[in-house]
Amino acid sequence: MPELILGISAYYHDSAAAVVADGVPLAAAQEERFSRRRHDPRFPARAVDYCLRAAGAKLGDVAAVAFYEDSALKFRRALATWLATAPRGFPAFHDAFPQWLAWKRNATEEVRRNLRATAGDGGALPPVVTGRHHASHAASAFYPSPYESAAVLCVDGVGEWATTSMWHGRGARLSALGELRFPHSLGLLYSAFTYFCGFKVDSGEYKLMGLAPYGTPRYARLIRERLIDVKPDGSFRLDLRHFSYLYGRVMVGRGFEELFGGPRREPEGPLTEREFDLAASVQQVTEEVMLRLARTVCERTGERRLCLAGGVALNCVANGRIVAEGLCDEVWVQPAAGDAGGALGAALAESHRRGAPRAHVGRRADAMSGALLGPAYAAEEIVGFLERRGVPYTRLSGDRLARRVAAEIAAGRIVGWFQGRMEFGPRALGARSILADPRDPRMQSTLNLRIKFRESFRPFAPAVLSEDAARWFDLRQESPYMLLTAPVAAEQCRDGDGDGADADAGDDRTGLGLLRIRRSTIPAVTHVDRSSRVQTVGPHDNPPFRRLLTAFRDLTGCPVLVNTSFNVRGEPIVNTPEEAYTCFMRTGIDLLVLGDFLLEKEDQPPWREKEDDWREAIPMD
C-alpha cells in the first residue's frame, strides 16, 4: 500500500491541503474553493476532507502530516522586527502580538487541534512535521518537475526569514545554495507598488502586472537609485527608509509620496498616467532582478533547466523574459506557485525524505496531472442536480459536444465550461473556465464588463493547441500552466486600427485609450504590448478541452480560445455544478456546459437570488 503524506498550508493567505502517495500528487485544493471566502487563510478543513476522500483514506491512514513552515522561527523574526523598530513599530506589535502569543507561534499545535476535530473519532493522530517556507516552495517546484536535475529559484514576500532562495535539485535530493533575508524582499517591493497604486496586497499584484504595458518605465531609474540596490548576481538590498511594512499597518507612507509626486491612489479611484508608469517601472525592475537571479542559479549549479516557485513566480511576464533571454534550455513553474502550493511542497518534501522515488522522471512529463487535482463530479451527480432544479438541458458528448460548442463560440457566444477535476492554483486551465472567441475585437471589453464585472484594462489569456502555437505566438517552449508571457507571432500582428474594445477609453493612444487599437488577428487575447499569457494544450492534456480547441480550429482555422477563470470579481473560481450555474445565471454567459450537459440561457427559468432551498451538497468522486 502506498505511503500517504498530507500537506497543509494555512494561517496567512490561500490555505490549502494536498495528499501525496509515494511522491505522487493525488489531490490538492485551496480552502477558498470550498468556503467561498477568497484567499481564505483559515485551517483548510474542507480541503483536507476532500483530499482524504479523493485518496480513499482516513486521517489514520496517513503516515505523516507536513506543515509548510516553521511558525516558531517566524515568531522570532516578528519579535526581532518589533524590537528593531521600537517604539515606532508599537502599533503593529499591538495588533499582532496577542495572536502570536495565543497560538500562531506554535501553529503545529493548532494544526493538531483542527485535525482532531477533523478525525472526530478520538483516535491517534499521525505525526505532524514542520518544514521551512522556502523549502516547501522549492520542493513544490522541483519534485513534480520533469527534470532529473535542475536549478531551483524561489522568490516571494517572506517566509520565516528567507525572501529569495536558490537550490540545486538532483534525483530525489534538494540542496540549499543560499538565500536573501527579510526585510529585503523583491515580493514586498512589488507589493509596495501594488498598495501605492490602490490595489490590494497579496491579491492585486497581477492587476499591477496587467497595468504595466499601458505605461512607460519613467520611474525605473528612480527605483534603482532610491529604493533597491541590485548587484550583478541579482542579490539586492532595499532602502528601508521609504517603506512602512516593518513597523506600520501599511506598506508605504510619506517616503513614497515624496518620491512619486503625491499620495497613493485610492482603491477604485481613477487610474492616471502615474499609475500606468509606476506599474511599468516596477515591472521592469522586477524583471531585471529575476533575470540576474536566474542567471546566477543556473551558473552556480551548471544546470540548463530551471524550476520556479514562490509568489513572484506567478509574474508570467518575468518568467517569459527568462525564457526569451535563453538563460537556460527549459523553465518549469509550479502552477500553484504561491502559498497554496506550499501544502503540496511540504508533503512532497516529507515523502521524498522517507525515500519515495521520482518515478515520473524520464517520461518527459511532470507529475502535476495538468494541475487537475481538485474535485470532479460524475454525470449522474450533475444530472441529479439539474433534475432537482428543473433545469432544461441538452446532453451531448465527445466530438458532438465539441463541435456544437465551437460553433456557438464562433457565433460570438460566451461559454461557461465545467469539466472533470478542478484546477489547483490560481489559473483556470480548461476545467473551470469561461471561453470565448479571441478574434472578436470587442470581446475583452465584453468579458471584463459584462461577465467578470472588473476593470476594463485587465487582459485575457489564450489557450492554443501546442502543435499550432508557433504560428500564433513567439514562444520557445510549451506553457501548459499559463505562466509564461510571449509575443504574438509577427504573422498574426496588425499595425492597428481603431476598432478596439473600450468605448469609454477615449480616442487617444495613451493609457486606456490603447484598448481601442486592434493589434492582431486575435485581439481579445493580445495585450497592448502585443504579448499574451499563453496556455499550450498538448496531445495528452485535458481531452475535453483539447477536443473543443480542435473543433474550433477545424471550423474557423484558429486554434486559439479566450480562456479565463470561471468566476466573477471578488469570488473564488467555481467548484461545484451549483456554483457554476449560479455564476451562469448572474452574468452574461450565454451557454453553460456541465460535463456532457449543455444549458442555454434563454431556456432557463427566471433566476431567484435566494436559492438556499436547492443548494444541496453533492458528493465528490
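The exercises below, each with a worked solution, look at one helix, one pocket, one cavity and three single residues of a predicted model.

In this predicted model, local features need pLDDT of at least 70 and side-chain atom pairs count only at pLDDT 80 or more, while totals for chains, interfaces and linings use all residues. Residues are numbered from 1 along each chain as its sequence is written, and side-chain values use heavy atoms, with hydrogens and water left out.

**Exercise 1. Helix 3**

Describe the span of helix 3, its buried residues and what covers them.

Solution. Begin with the element itself: helices (H or I, at least four residues) and strands (E, at least two) are DSSP runs, numbered from the N terminus. Helix 3 covers residues 71–85, which is 15 residues, and from first C-alpha to last it reaches 21 Å, close to the expected 21 Å, where the expected span is 1.5 Å times one less than the number of residues.

Next, look at burial, where buried means under 20% relative accessible area, exposed over 50% and partly exposed in between, with a 1.4 Å probe and protein chains only. The buried residues of helix 3 are Ser-71, Leu-73, Lys-74, Phe-75, Arg-77, Ala-78, Thr-81, Trp-82 and Thr-85. As background, an α-helix has 3.6 residues a turn, so residues three or four places apart point the same way. The cover over the buried residues includes helix 4 (90–102) and helix 5 (107–119).

**Exercise 2. A pocket and a cavity**

Find the volume and the lining of the second largest pocket, and then of the second largest cavity.

Solution. First settle the terms: on a 1 Å grid over the protein atoms alone, a cavity is a set of points where a 1.4 Å probe fits but cannot get out, a pocket is an open set with protein on both sides within 12 Å along at least five of seven lines, and lining residues have an atom within 4 Å of a point. Grid points are joined across faces, edges and corners, and a volume is the space filled by probe spheres set on the points.

The second largest pocket holds about 780 Å³, and among its 30 lining residues Asp-366, Glu-478, Pro-480, Tyr-481 and Asp-541 lie nearest its centre. Strand 12 (330–333) gives the most to this lining, namely 4 residues.

Turning to cavities, the whole structure has 2 of 30 Å³ or more. About 40 Å³ lies in the second largest cavity, which is lined by Val-323, Cys-328, Asp-329, Glu-330, Val-331, Arg-476 and Gln-477.

**Exercise 3. Three buried residues**

Locate Gln-334, Ala-336 and Gly-169, and state which residues each one touches.

Solution. Take Gln-334 first: this residue sits in the loop between strand 12 and helix 13 (340–353), and counts as buried because its relative accessibility is 0%. Contact means heavy atoms within 4.5 Å, and, not counting residues up to four places away in sequence, Gln-334 touches Ser-140, Ala-141, Pro-144, Leu-308, Ala-309, Leu-344, Met-368 and Leu-483.

Ala-336 is found in the loop between strand 12 and helix 13, and at 2% relative accessibility Ala-336 is buried. Beyond its neighbours within four places in sequence, Ala-336 contacts Gly-341, Phe-424, Gly-425 and Pro-426.

Finally, Gly-169 belongs to strand 7 (residues 162–170) and is buried because its relative accessibility is 0%. Outside its neighbours within four places, Gly-169 is in contact with Phe-142, Glu-148, Ser-149, Ala-150, Val-152 and Leu-174.
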